[in-house]
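Colleague: I would like to learn how to read a model of this kind step by step, starting from a single contact and working outwards. Could you take me through it?

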Amino acid sequence: MASEKIIILGSDKNYNDLIIYPNPAYDLLTISFPTLFKKSYEPTGVIVYDLSGQAQNISISSMEDSTLILNVKNLANGIYLGKLLGEQGDQFVFRFSKEW
């Protein structure tokens, strides 16, 4: 499992516990944030962009406790940037690859 450094926009907090796997993704991409948010603090959405900057159509398969699972099955092979949006304006930018 590859590990990626997460970039946090609009925050000086340390979020080393954000885990994204598998990378490369095939059908599902899991974002786990076990100590990232307090119980009442949940992500409000996620946006995935291709490298040309176009937003891609993805769906959230599930969001439970501290884990978000994205359905990336319909994405073409390639490298993508994701943005996890937090309710307090935090934005967590991550990179992942999609393969068949």
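**Reading a predicted chain**

Modeller: Let us begin with one residue: leaving aside residues up to four places away in sequence, Pro24 touches Ser97 and Glu99. Please keep in mind throughout that this is a predicted model.

Colleague: Where is Pro24 found, and how far is the C-alpha atom of Pro24 from that of Ile79?

Modeller: Pro24 is found in the loop between E2 and E3, and although Pro24 and Ile79 are 55 residues apart along the chain, their C-alpha atoms are separated by 8.9 Å. Ile79 in turn stands opposite Ser97 in E9, and Ser97 is one of the residues that Pro24 touches.

Colleague: Is Pro24 buried, exposed or partly exposed?

Modeller: The classes rest on relative accessible area, with buried meaning under 20% and exposed meaning over 50%. Pro24 has a relative accessible area of 23%, so it counts as partly exposed.

Colleague: Which peptide bonds in this stretch are cis?

Modeller: The bond from Tyr21 to Pro22 is cis, with omega near -10 degrees, and the bond from Asn23 to Pro24 is also cis, with omega near 20 degrees. Pro22, like Pro24, is found in the loop between E2 and E3.

Colleague: Before going further, how much confidence does the predictor place in the chain?

Modeller: The mean pLDDT of the chain is 80, and 74% of its residues reach 70 or more. Among the elements, the lowest mean pLDDT, 50, belongs to strand E1 (residues 7-9), whereas the highest, 96, belongs to strand E5 (residues 55-56).

Colleague: How many helices and strands are there in the chain?

Modeller: The chain has 0 helices and 9 strands, and read along the sequence it follows the pattern β-β-β-β-β-β-β-β-β.

Colleague: How should I read the pairing of strands?

Modeller: Strands of a sheet pair through backbone hydrogen bonds, either parallel or antiparallel. In this model, 4 strands form an open sheet in the order E2-E3-E7-E6, with antiparallel pairing. Strand E2 (19-21) and strand E6 (59-64) stand at its edges, each with a single partner strand, so one side of each is left without a neighbour in the sheet. On average, and with direction ignored, neighbouring strands of this sheet are turned by 15 degrees against each other.

Colleague: How many bridges join E2 to E3, and which residue stands opposite Ile31?

Modeller: There are 3 bridges joining E2 to E3, which run antiparallel, and Ile20 stands opposite Ile31 in E3.

Colleague: What about E8, which I have not yet placed?

Modeller: E8 is joined to E4 by 7 bridges and to E9 by 8 bridges, and in both pairs the strands run antiparallel. Within the first pair, Val48 stands opposite Gly82 in E8. E8 and E9 form a hairpin with 4 residues between them, and Gly89 in the turn has a positive phi of about 90 degrees.

Colleague: Is Gln88 buried or exposed?

Modeller: Gln88 lies in the loop between E8 and E9, and with a relative accessible area of 55% it is exposed. Gln88 and Thr44 are 44 residues apart in sequence, yet their C-alpha atoms are 9.3 Å apart in space.

Colleague: Let me compare that with Thr30: is Thr30 buried or exposed?

Modeller: Thr30 is found in strand E3 and has a relative accessible area of 11%, so it is buried. Not counting residues up to four places away in sequence, Thr30 touches Ile19, Ile20, Tyr21, Thr67, Leu68 and Ile69.

Colleague: Which residues have the most contacts inside the largest nonpolar core?

Modeller: That core has 18 residues, and those with the most contacts inside it are Leu29, Ile31, Leu70, Leu84, Phe94 and Phe96. At least two core residues come from each of strand E3 (28-32), strand E4 (43-50), strand E7 (67-71), strand E8 (78-86) and strand E9 (91-98), and the largest share, 3 residues, comes from E9. Taking Ile31 as an example, and again leaving out residues up to four places away in sequence, its contacts include Leu18, Leu70, Leu84 and Phe94.

Colleague: How much of the chain counts as buried?

Modeller: Of the 100 residues, 35% count as buried. The chain exposes about 6100 Å², of which carbon and sulfur atoms supply 49%. Finally, among contacts between residues at least 6 apart in sequence, 56% join residues at least 24 apart.

Technical notes:
Residues are numbered from 1 along each chain as its sequence is written. This is a predicted model: local features need pLDDT of at least 70, side-chain atom pairs count only at pLDDT 80 or more; totals for chains, interfaces and linings use all residues. Side-chain values use heavy atoms; hydrogens and water are left out. A nonpolar core is a set of buried Ala, Val, Leu, Ile, Met, Phe, Trp, Tyr and Cys residues joined through side-chain atoms within 4.5 Å. Buried means under 20% relative accessible area, exposed over 50%, partly exposed in between (1.4 Å probe, protein chains only). Contact means heavy atoms within 4.5 Å. Two strands pair if DSSP finds at least two bridges between them. Axes are lines fitted to C-alpha atoms, for helices over the stretch in contact, and angles run from 0 to 180 degrees between N-to-C directions. Accessible areas come from the Shrake-Rupley method with a 1.4 Å probe; for residues, only the protein chains shown count as cover. pLDDT is the predictor's confidence in each residue, from 0 to 100.
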